[in-house]
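Trainee: I should like to learn how features of a structure are read. Might we begin with charged side chains?

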Amino acid sequence: MEYTRLGSTGLEISRICLGMMNYGSPSWREWVLDLDDARPLVRSAVERGVTFFDTADVYSFGASEEVTGRLLTEFFPDRDDYVLGTKVFMPMGEGPNKRGLSRKHILSGIDASLRRLGTDHVDLHQIHRWDPHTPIEETMEALHDVVRAGKARYIGASSMYAWQFAKAQHAADLGGWTRFVAMQDHYNLLYREEEREMHPLCRDQGVGVIPWSPLARGVLAGNRTRDVRNTTRASTDSFADQLYAEADFAVVDAVRALAEQRGLPPAQIALAWLLHKEAVSAPIVGATKPGHVEDAVAAVGVELGADEIAALEKPYVPHPVLGH
């Protein structure tokens, strides 16, 4: 495993972040693993040097945070040995104040997350999406108060327009509040629209990029072809159908061709491409099988030449904004 700083902060993270959305309660999504099934996968990641873990309150409606807290406590004797992120914004109940980025929901949300995680702080508290109904000043001041209270060390954001992210940072500067240090966005070989505005902004501002769905929900790893869906998640994942289209399989073909040339799994090639991008600190990788963890960690050591990167990028077709 290799380690890097999250953006321009002093926080050191593993180059691979283990996404914990796959762990929690199968009643939320049928492909989600419970505590006992998740344990060997998290153990495998820890044994391979992964120290960065990402979850959210909405994953399995809190059960993911509970599983995450239990397993990290089992595998790390010291809280400072790992970096933990969670997120707030999505609906956590029927009431109008159980969602969004109001001061009320942010402050109650972090307390509920900490109870489920079994810790007194998270390292990275992230807003899961942009809230058009709450003034950004209210949101940024509430996040600042979370940090000042010692309940989070840093704050981050996820999937929004670059102008929105810039507005939030500007509001923090004007208010003397904590700035975002991370952007968790939708970025992979099939969806590269973040290269236009968001990633240049992040590089300029010293913000670390931690992409979600780095394998395009498994499409780049081969969990589906043009005609066949090879896994339970692939066969039930309607969201992926909204994100990716038939034209994207030309990129999948390029990944598969290079993987065959190099004698490597396609997942390693796709992740290695991401790890070569200057803006990216650590992709967030999901794992439901032991091989997923092994491929992710092995990708850190895969070097790609300029001609190989060009071959992977050549078939790309521009997309509308997706994932916000």
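Mentor: Side chains of opposite charge can pair when their charged atoms come close. Here, Glu-12 forms a salt bridge with Arg-5, with the closest N and O atoms 3.9 Å apart; the term requires a side-chain nitrogen of Lys or Arg within 4 Å of a carboxyl oxygen of Asp or Glu. This is a predicted model, in which local features need pLDDT of at least 70 and side-chain atom pairs count only at pLDDT 80 or more, while totals for chains, interfaces and linings use all residues. Residues are numbered from 1 along each chain as its sequence is written, and side-chain values use heavy atoms, leaving out hydrogens and water.

Trainee: Are Glu-12 and Arg-5 buried or exposed?

Mentor: Buried means under 20% relative accessible area, exposed over 50%, and partly exposed in between (1.4 Å probe, protein chains only). Glu-12 is partly exposed at 42%, and Arg-5 is partly exposed at 43%.

Trainee: How many salt bridges does the structure hold, and which parts does the pair of Glu-313 and Arg-192 tie together?

Mentor: The structure holds 16 salt bridges. In one of them, Glu-313 meets Arg-192 at 3.8 Å, N to O. Glu-313 lies in helix H12 (residues 306-313) and Arg-192 in the loop between S8 and helix H6 (198-205), so this pair links parts 121 residues apart in sequence. Helices (H or I, at least four residues) and strands (E, at least two) are DSSP runs, numbered from the N terminus. Both Glu-313 and Arg-192 are buried.

Trainee: Which side chain meets Lys-277 in a salt bridge?

Mentor: Lys-277 pairs with Glu-313 at 2.6 Å, N to O. Lys-277 is in the loop between helix H10 (266-275) and S10, and Glu-313 in helix H12, so the pair ties together parts 36 residues apart in sequence. Lys-277 is partly exposed, at 22% relative accessible area, whereas Glu-313 is buried at 19%. Salt bridges with shared partners join Arg-192, Glu-195, Lys-277 and Glu-313 into one network.

Trainee: How should the sheet be read, and in what order do its strands stand?

Mentor: Strands of a sheet pair through backbone hydrogen bonds, either parallel or antiparallel. In this model, 8 strands form an open sheet in the order S9-S8-S7-S6-S5-S4-S3-S10, with parallel pairing; two strands pair if DSSP finds at least two bridges between them. Strands S9 (208-209) and S10 (284-285) stand at the edges with a single partner strand each, so one side of each has no neighbour in the sheet. Strand S8 (residues 180-184) is joined to S9 by 2 bridges, and Met-183 stands opposite Val-209 in S9.
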